[in-house]
Amino acid sequence: MPETTMIPHSRPFLDDEDYRNVLDVLKSGRLVQGERVAAFEEAFCLEMDLPGAVAVSSGTAALHLVLLALGVGAGDEVIVPSYVCTALWHAVRYTGATPVLADIEADTFNISVPDIMPRLTNKTKAIIMPHMFGQSGDMDALLNLDIPVIEDCAQSMGSHYRGQPTGTFGVAAIFSFYATKVIAAGEGGMVVSRDGHLIDRIRDMRDYDEKETLTQCFNYKLTDMQAAMGTSQLKKLPVFIARRQEVARRYDCVLREANLPLPVSKPDRGHGYFRYVFLIDSMDRFINDMGRLGVVCRRPVFRPLHDYLEQTGFEVTNRVWQRAVSVPIYPGLTDEEEETIVSSMKTLLFKV
Ligand SMILES: Cc1ncc(COP(=O)(O)O)c(C=O)c1O
């Protein structure tokens, strides 16, 4: 089937308000970080009910600056899950610190707190907790470890833990506005925190221009074009999440009828379904067969970090990685596309 007629694995949802907002910036001639970035940060603070937010150029840049602002550097260790994209490993390496990998929970695919515990040393400076696929990790258990937790909400914008938004628990949280994330700006990121000093340091480091000293700074700025789009996307967040949850319920029905385990959605977590991920023994075949039926499915994590680093152990990560599949779920899916996905899943799964 030609690529263009396939239902893509992800697609941003853009409407007239997004187009208008970006066009207004273009017409203003002021493209760089300015009023629109400030307005986006303010809207984000309101959304999260937090006092401080700094917009930056990507989720990876956001992680880098949070780590630096926490004083993480060479000789330090930062705990990250193995089952995650490589952005986390790179961000820790930028600081000169060593990423220490931990295994994940079999049910939520989030970093496992019991597996973190034996890996803690006196060099552990922080734990990065990505709320994978839109479901919060076990924040209570994690915060009990008494190590600074950076929540990675790149996939969990609009998700909740015990009724409170993810991103409001740790010492700081980061978000990504990459084109296929929950809200999109093409590229972009945000740091939020209750700690005003941390926010000030990050705000200072994102920009190098007109400083009194040569203290290390970066060009990690967001543009007003991206911020204009981020702001109008943010307004649609509740609708986006409701639509994702609605599609997830349809897929749940298919898996239930096929006697396959559903993605675990814990009662104390508001799952935002950034990804709809389930486990199936014949994962590769399922992805190929769905492709033949016109639906692009993917492995939700390209390759676990321990595999790149040739580290052993990480049994849960291995088991999940070998079987996890992600089917398209996003607010821009048309009803017709949703029907095609559901009927394709039925065709393949009912005969397994
Ligand atoms: C969990 C997680 N953290 C961080 C990132 C990095 O975000 P960005 O692509 O905006 O740098 C991603 C991107 O896919 C991600 O999935």
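**Close-up 1. Strands β4 and β5, side by side.** In this predicted model, β4 and strand β5 (residues 149–152) are joined by 4 bridges and run parallel. To find the register, start from Ile127: its bridge partner in β5 is Val149. Now look at how β4 sits in the fold. Strand β4 spans residues 124–130, and 6 of its 7 residues are buried, so we can call it mostly covered.

**Close-up 2. β2 and the strands it pairs with.** Here we stay in the sheet and move over to β2, residues 77–81. With β4, strand β2 pairs in the parallel sense over 3 bridges, and Val78 has Ala126 of β4 as its bridge partner. With β3, the pairing is again parallel, this time over 5 bridges. One pair to pick out there is Val80 with Leu101 of β3. As a reminder, strands of a sheet pair through backbone hydrogen bonds, either parallel or antiparallel.

**Close-up 3. The seven-stranded sheet from edge to edge.** Zoom out a little and the strands above turn out to belong to an open sheet of 7 strands, ordered β1-β9-β8-β5-β4-β2-β3, with mixed pairing. Which strands stand at the edges? They are β1 (52–56) and β3 (98–102); each has a single partner strand, so one side of each lacks a neighbour in the sheet. From one strand to the next, the twist averages 25°.

**Close-up 4. Helix α7 lying across the sheet.** Helix α7 covers residues 196–205 and lies across β1, β8 (172–176) and β9 (189–193). Its direction is at about 20° to that of β1. Leu198, Ile199, Ile202 and Met205 are the ones to look for, as they are buried in α7. Viewed down the helix axis, the buried residues of α7 fit within an arc of 130°, so they line one face of the helix. Their packing partners are β1, α3, β8 and β9. Flip to the other side of α7 and you meet Gly196 and His197, which are exposed.

**Close-up 5. The shell around the ligand.** There are 14 residues around the ligand, and Ser58, Gly59, Thr60, Ala154 and Ser176 come nearest. Which elements give two or more residues to this shell? Those are the helices α3 (59–69) and α4 (87–94). By residue type, the shell splits into 7 nonpolar, 6 polar and 1 charged.

**Close-up 6. The small sheet β7-β6-β10.** This one is an open sheet too, with 3 strands in the order β7-β6-β10 and antiparallel pairing. The edges belong to β7 (164–165) and β10 (269–270): each has a single partner strand, so one side of each is left without a neighbour in the sheet. Strand β6 (residues 160–161) and β7 are linked by 2 bridges and run antiparallel. For a close look at that link, take Tyr161, whose bridge partner in β7 is Gln164.

**Close-up 7. The two sides of helix α12.** Where does the buried side of α12 (residues 315–323) lie? Follow Thr317, Val320 and Trp321, the buried residues of this helix. They span an arc of only 100° around the axis, which puts them on the same side of α12. This buried set packs against β11 (276–279), α11 (305–308) and β12 (324–327). Turned away from that side is the face with the exposed residues Glu315 and Gln322.

Notes
Residues numbered from 1 in each chain as written. Predicted model: local features only at pLDDT ≥ 70, side-chain atom pairs only at ≥ 80, totals over all residues. Pairing = 2+ DSSP bridges. Axes fitted to C-alpha atoms, helices over the stretch in contact; angles between N-to-C directions. Contact = placed C-beta atoms within 7 Å. Near = placed C-beta within 6 Å. Nonpolar A, V, L, I, M, F, W, Y, C, P; charged D, E, K, R; others polar. Buried ≥ 20, exposed ≤ 12 C-beta atoms within 10 Å, placed from the backbone. Arc of directions from axis to C-beta.
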